[in-house]
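These are my notebook entries on one structure, kept in the order in which I looked things up. Each entry is brief and stays with what I could look up.

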Amino acid sequence: MPGHQMTDAFGNDIAQLKALMQVIDEITGQKVPKYEMHEMTSKSTLQALQYLIDDCNALDDGETIDTLNQTRIEIKDLCSIIHDLRERVKEHETEIGRLERLFHRDY
């Protein structure tokens with residue numbers, strides 16, 4: 001019909017589907033950064049801790065705030081360590097692949 005937007009059999013707006021397809025293409029094309037499981041879970045935990053800190057600040061509970069802030073710092077540090085270790089594993093896997101190719105080439 002003239003003047004009406006096209007919709008699919010499910011009644012969804014075609015423009016929304018195209019936008020969703022573009023987002024999927026960007027994710028699978030790695031244009032959007034992928035998060036590791038520990039990063040996703042730590043983000044939600046860090047956010048929850050921040051809410052608690054904000055609530056405690058309203059009550060001025062210094063010891064609790066210090067503990068929660070220290071917890072946030074430790075979670076961030078652990079995530080950084082995990083990230084660094086994963087990068088080192090990738091580097092080692094690359095080196096192992098290179099050495100295996102050299103070995104197979106020589107024999």
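**Entry 1: the core.** Which residues make up the largest nonpolar core? I noted first that I am working from a predicted model. In it, I found the largest nonpolar core to have 8 residues, namely Leu46, Leu49, Ile53, Cys56, Ile65, Leu68, Ile75 and Cys79. I then looked up where they come from: H2 and helix H3 (62-106) each supply at least two residues of this core. I set beside this a general remark, that nonpolar side chains tend to be buried together in soluble globular proteins.

**Entry 2: Leu49.** I took Leu49, one of the core residues, and looked up its contacts. With neighbours within four places in sequence left aside, Leu49 is in contact with Leu68, Thr71, Arg72 and Ile75. Of these partners, Leu68 and Ile75 are also listed in the core.

**Entry 3: Ser42.** Is Ser42 buried or exposed? I located Ser42 in helix H2, which spans residues 37-59. Its relative accessible area is 9%, and Ser42 therefore counts as buried, since the cut-off for buried is under 20%. Beyond its neighbours within four places in sequence, I found Ser42 in contact with Ile75 and Cys79. Both partners appear in the core of Entry 1.

**Entry 4: the overall layout.** I counted 3 helices and 0 strands in the secondary structure of the protein. Read from the N terminus, the order of elements is α-α-α. Of the 107 residues in the protein, buried ones make up 12%. I also looked up how contacts are spread along the sequence: among those between residues at least 6 apart, 33% join residues at least 24 apart. For the accessible surface I recorded about 9,300 Å², with 58% of it belonging to carbon and sulfur atoms.

**Entry 5: a surface patch.** Which residues make a nonpolar surface patch of about 280 Å²? I found Leu78, Ile81 and Leu85. I followed up Leu78, whose place is in helix H3. Leu78 counts as exposed because its relative accessibility is 51%, and the limit for exposed is over 50%.

**Entry 6: salt bridges.** How many salt bridges does the structure hold? I recorded 2.

In one, Lys90 pairs with Glu87, and the closest N and O atoms are 3.7 Å apart. Lys90 and Glu87 are 3 residues apart in helix H3, so about one helical turn separates them. I noted Lys90 as partly exposed at 46% relative accessibility, and Glu87 as partly exposed with a relative accessible area of 30%.

In the other, Arg98 pairs with Glu95, with the closest N and O atoms 2.6 Å apart. Here too the residues are 3 apart in helix H3, so about one helical turn lies between Arg98 and Glu95. Arg98 is partly exposed, at a relative accessible area of 37%, and Glu95 is likewise partly exposed, at 33%.

**Entry 7: confidence.** Finally I looked up the confidence of the prediction. The protein averages a pLDDT of 78, and 79% of the residues score at least 70. Among the elements, I found the lowest mean pLDDT, 76, in helix H1 (residues 14-28) and the highest, 89, in H3. Over residues 1-8 the pLDDT is below 50, and this stretch has 9 contacts in the model beyond near neighbours in sequence.

Terms used. Residues are numbered from 1 along each chain as its sequence is written. This is a predicted model: local features need pLDDT of at least 70, side-chain atom pairs count only at pLDDT 80 or more; totals for chains, interfaces and linings use all residues. Side-chain values use heavy atoms; hydrogens and water are left out. Helices (H or I, at least four residues) and strands (E, at least two) are DSSP runs, numbered from the N terminus. Buried means under 20% relative accessible area, exposed over 50%, partly exposed in between (1.4 Å probe, protein chains only). Contact means heavy atoms within 4.5 Å. A nonpolar core is a set of buried Ala, Val, Leu, Ile, Met, Phe, Trp, Tyr and Cys residues joined through side-chain atoms within 4.5 Å. pLDDT is the predictor's confidence in each residue, from 0 to 100. Patches are made of residues with over 30% relative accessible area and no salt bridge: like charges are joined within 9 Å, nonpolar side chains (Val, Leu, Ile, Met, Phe, Trp, Tyr) within 5 Å. Accessible areas come from the Shrake-Rupley method with a 1.4 Å probe; for residues, only the protein chains shown count as cover. A salt bridge is a side-chain nitrogen of Lys or Arg within 4 Å of a carboxyl oxygen of Asp or Glu.
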